[in-house]
Amino acid sequence: MAIFDNIVQQDNNFKGYTGNPPTTGAEYDALDCWTDASIKPTWADISSDMALAEVQQNRATEYPSLTDQADMAYWDRQNGTTTLDDAIAAVKAEFPKP
């Protein structure tokens with residue numbers, strides 16, 4: 001779960017851990033990976049950040065490329081269609097924000 005690593009490594013209080021990243025609050029609480037445990041983020045905060053990061057990652061891979069978006073936008077203007085808007089809406093519907 002590289003997403004956990006990306007989230008916590010942004011915190012200057014994070015000192016690292018060994019083994020697999022936690023998947024539950026109990027596993028997270030058992031980690032000794034904070035320089036000052038009294039100011040570590042809560043599991044709820046970490047989970048929320050991970051959920052949002054996962055949505056962003058999924059959307060980024062599913063959106064049409066910028067070249068395709070430009071082409072869709074051109075043809076939408078020429079034809080009075082909404083192909084680009086429809087493609088983006090479909091991705092947002094498939095991967096809603098938490």
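**Salt bridges, rings and helices in a predicted model**

Let me begin with the charged side chains: the structure holds 2 salt bridges, and I should say at once that we are looking at a predicted model.

In one of these bridges, the side chains of Asp 32 and Lys 15 meet with a distance of 3.5 Å from N to O. Asp 32 lies in the loop between H2 and H3, while Lys 15 lies in the loop between helix H1, residues 2-8, and H2, so this pair ties together parts that are 17 residues apart in sequence. As for the surroundings, Asp 32 counts as exposed, because its relative accessibility of 59% is over the 50% cut-off, whereas Lys 15, at 49%, counts as partly exposed.

The other bridge joins Asp 29 to Lys 40, and here the closest N and O atoms are 3.7 Å apart. Since Asp 29 sits in helix H2 and Lys 40 in the loop between H2 and H3, the pair ties together parts that are 11 residues apart in sequence. Lys 40 has a relative accessibility of 23%, and therefore counts as partly exposed.

Lys 40 also takes us to the aromatic residues, for its charged end sits over the ring of Tyr 28, at 4.9 Å from the ring centre. How many aromatic pairs are there in the model? The count comes to 7 aromatic pairs. One of them is formed by Tyr 28 and Trp 43, whose ring centres are 5.3 Å apart and whose planes stand at 40°, so that the pair is classed as tilted. This pair links distant parts of the chain, with Tyr 28 in helix H2, residues 25-30, and Trp 43 in helix H3, residues 43-62, the two being 15 residues apart. Are these two residues buried or exposed? Both Tyr 28 and Trp 43 are buried.

An edge-to-face pair is formed by Tyr 74 and Trp 75, with 5.0 Å from centre to centre and 80° between the planes. Tyr 74 is partly exposed, at a relative accessible area of 37%, and Trp 75 is likewise partly exposed, at 44%. Returning to Tyr 28 and Trp 43, I would add that they belong to one aromatic cluster, together with Phe 4, Phe 14, Tyr 17 and Trp 34.

Trp 43 brings us to H3 itself, where the buried residues are Trp 43, Ile 46, Met 50, Val 55 and Arg 59. What covers the buried residues of H3? The cover includes H1, H2 and helix H5, which runs over residues 83-94. As a check on the geometry, the 20 residues of H3, taken at 1.5 Å a residue, should span 28 Å, and the end C-alpha atoms are indeed 28 Å apart, which agrees.

The corresponding check on helix H4, residues 66-79, also agrees, since its 14 residues should span 20 Å and its end C-alpha atoms are 20 Å apart. H4 is followed by Gly 80, whose phi is positive, near 70°.

I will finish with Asp 76, which lies in helix H4. Asp 76 is buried and yet has no salt bridge, the nearest side chain of opposite charge being that of Arg 77, at 7.8 Å. If we leave aside the neighbours within four places in sequence, Asp 76 is in contact with Thr 81, Thr 82, Thr 83, Leu 84 and Asp 85.

Conventions:
Residues numbered from 1 in each chain as written. Heavy atoms only, no water. Phe/Tyr/Trp six-rings, centres within 6.5 Å; stacked < 30°, edge-to-face > 60°. Helix = DSSP H or I, 4+ residues; strand = E, 2+ residues; numbered from the N terminus. Buried < 20%, exposed > 50% of the residue type's maximum accessible area, 1.4 Å probe, protein only. Lys NZ or Arg CZ within 6 Å of the ring centre and 35° of its normal. Expected span 1.5 Å × (residues − 1). Salt bridge = Lys/Arg side-chain N within 4 Å of Asp/Glu carboxyl O. Lys, Arg positive; Asp, Glu negative; His and termini not counted. Contact = heavy atoms within 4.5 Å.
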